[in-house]
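The following exercises ask for close reading of a single protein model. Please work through each task before turning to its solution.

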Amino acid sequence: QVQLVESGGGLVQTGGSLRLSCTASGSFFNTSIMHWYQQAPGKQREMVARITTGGDTNYAGSVKGRFAISRDNAKSTLYMQMNSLKPEDTAVYYCKAEQRRNGISWIYWGQGTQVTVSS
């Protein structure tokens, strides 16, 4: 059964840090491109960071230099270190797995974890 479970969200003051985790069950993690998305109230879900199977990373401009995505394939776990947090980072954060099999992209989402940054 495919499952992604996020954790690590919470309430933090401006300038603080959080570390999000996303643990995967199933055999898809090591062959998946992994992403973190954020969805603020009343807004669309947007990609924040992406990491390939080889460890290459990409970031949205709004978080570049402050957030760092990483993965531990041995633990089937995705991470995102969030530093210098701002109130505009307040959102639900989701992890997403994208696996390509037989020419088809398979997409899996976690349930999300709330991050709230107080001013």
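Four exercises with worked solutions follow.

The model is predicted: local features need pLDDT of at least 70, side-chain atom pairs count only at pLDDT 80 or more, and totals for chains, interfaces and linings use all residues. Residues are numbered from 1 along each chain as its sequence is written, and side-chain values use heavy atoms, with hydrogens and water left out.

**Exercise 1.** Determine which strands are joined to β8 by bridges.

Solution. Strands are DSSP runs (E, at least two residues) numbered from the N terminus, and two strands pair if DSSP finds at least two bridges between them. On one side of the analysis, β3 (residues 18-25) runs antiparallel to β8 and is joined to it by six bridges; Ser-21 stands opposite Tyr-79 there. Next, β7 (residues 67-72) is also antiparallel to β8, again with six bridges, and Ala-68 stands opposite Gln-81. Four residues separate β7 and β8 in their hairpin, where Ser-76 takes a positive phi near 50°. Finally, five of the six residues of β8 (residues 77-82) are buried (under 20% relative accessible area, 1.4 Å probe, protein chains only), so the strand is largely enclosed by the rest of the structure.

**Exercise 2.** Identify the residues that touch the most other members of the largest nonpolar core.

Solution. Such a core is a set of buried Ala, Val, Leu, Ile, Met, Phe, Trp, Tyr and Cys residues joined through side-chain atoms within 4.5 Å. Of its 28 residues, Leu-4, Trp-36, Phe-67, Leu-78, Met-80, Met-82 and Tyr-93 touch the most other members. Elements giving two or more residues include β3, β7 and β8. Leu-78 has contacts (heavy atoms within 4.5 Å) with residues including Leu-20, Phe-29, Met-34, Trp-36 and Ile-69.

**Exercise 3.** Establish what lies around the side chain of Glu-6.

Solution. Glu-6 belongs to β1 (residues 3-7). Although buried, Glu-6 has no salt bridge (a side-chain nitrogen of Lys or Arg within 4 Å of a carboxyl oxygen of Asp or Glu). Arg-45, the nearest side chain of opposite charge (Lys and Arg positive, Asp and Glu negative, His and chain ends not counted), is 7.3 Å away. Backbone nitrogens do approach polar atoms of the Glu-6 side chain: that of Gln-111 lies 2.9 Å away, and that of Gly-112 2.8 Å away.

**Exercise 4.** How many salt bridges does a search of the whole structure find?

Solution. The search finds one. The side chains of Arg-66 and Asp-89 form it (2.8 Å, N to O). Arg-66 lies in the loop between β6 (57-59) and β7 and Asp-89 in the loop between β8 and β9, so the pair ties together parts 23 residues apart in sequence. Both residues, Arg-66 and Asp-89, are buried.

Technical notes
Buried < 20%, exposed > 50% of the residue type's maximum accessible area, 1.4 Å probe, protein only. Polar contact = N/O pair within 3.5 Å; in protein donor to acceptor, adjacent residues only side chain to side chain. Lists of a residue's contacts leave out its neighbours within four places in sequence.
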